[in-house]
Amino acid sequence: MQYSELIQFEPLETVIQFRQVNQSDRVKRLVTTYVISEEMADKFINLVFEQLRFDQPGDKKGLFIVGNYGTGKSHLMAVISSLAENAALLESLSHRKVAEVAQQSIAGHFHVIRVEMSAVERSLRDCLTEEIETDLENIGVHFQFPPA
């Protein structure tokens, strides 16, 4: 008997290209392969989903994800943004309780604009407003931000 008959591994993606998360086959794979521990489930339910809910009043603050290179920040953001945009992905989630709470709170309630930036000489405002205008144009909404 060989090890390959006992254990099978899927190759790990070392770098997740955030803009490629718009491709449905990659999105489903990212959601399916995200491992949710009980501690992470608690963070999803009591922190992430609570801060993203807009259907309940409260002091919403936003999310800031920090971590070293290779710790899964992009994978986490891909999962959160994909669930927020597409409720059908809940069936691919590995943790049932997280899926239930996401269904009740954020799943499918958002239109997500994914932006990656490197070193630029323009202001953050200019970079983001340009991305938002482009994305809105792609869905048929004609809008232009006023100059700063």
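The buried residues of H3 are covered in part by other helices, including helix H4 (73-85) and helix H5 (96-105). In this predicted model, the buried set in H3 consists of Met-40, Ala-41, Phe-44, Ile-45, Val-48, Phe-49 and Gln-51. It helps to recall a general point here: an α-helix has 3.6 residues a turn, so residues three or four places apart point the same way. With that in mind, have a look at Met-40, Phe-44 and Val-48, which are among the buried residues of H3.

Let's stay with this helix a little longer. H3 covers residues 38-52, and its 15 residues should span 21 Å at 1.5 Å a residue. The end C-alpha atoms are 20 Å apart, which agrees with that expectation. H3 also has a kink of about 35°, centred on Phe-44, and Phe-44 is one of the buried residues too.

Now step back to the whole chain. Its secondary structure comes to 6 helices and 0 strands, so from the N terminus on you will read α-α-α-α-α-α. Of the 148 residues, 30% count as buried. Among contacts with a separation of 6 or more, 56% are between residues 24 or more positions apart.

Finally, turn to the surface. The chain exposes about 10500 Å², with carbon and sulfur atoms supplying 54% of that area. One place to look is a nonpolar patch of about 570 Å², made by Met-1, Tyr-3, Leu-6 and Ile-7. Ile-7 sits in the loop between helix H1 (3-6) and helix H2 (24-33). Its relative accessible area is 46%, so Ile-7 counts as partly exposed.

Methods. Residues numbered from 1 in each chain as written. Predicted model: local features only at pLDDT ≥ 70, side-chain atom pairs only at ≥ 80, totals over all residues. Heavy atoms only, no water. Patch = residues over 30% accessible without salt bridge, like charges linked within 9 Å, V, L, I, M, F, W, Y side chains within 5 Å. Areas by Shrake-Rupley, 256 points an atom, 1.4 Å probe, with all protein chains shown as cover. Salt bridge = Lys/Arg side-chain N within 4 Å of Asp/Glu carboxyl O. Helix = DSSP H or I, 4+ residues; strand = E, 2+ residues; numbered from the N terminus. Buried < 20%, exposed > 50% of the residue type's maximum accessible area, 1.4 Å probe, protein only. Expected span 1.5 Å × (residues − 1). Bend = angle between axes of the 7 residues up to and from the residue. Contact = heavy atoms within 4.5 Å.
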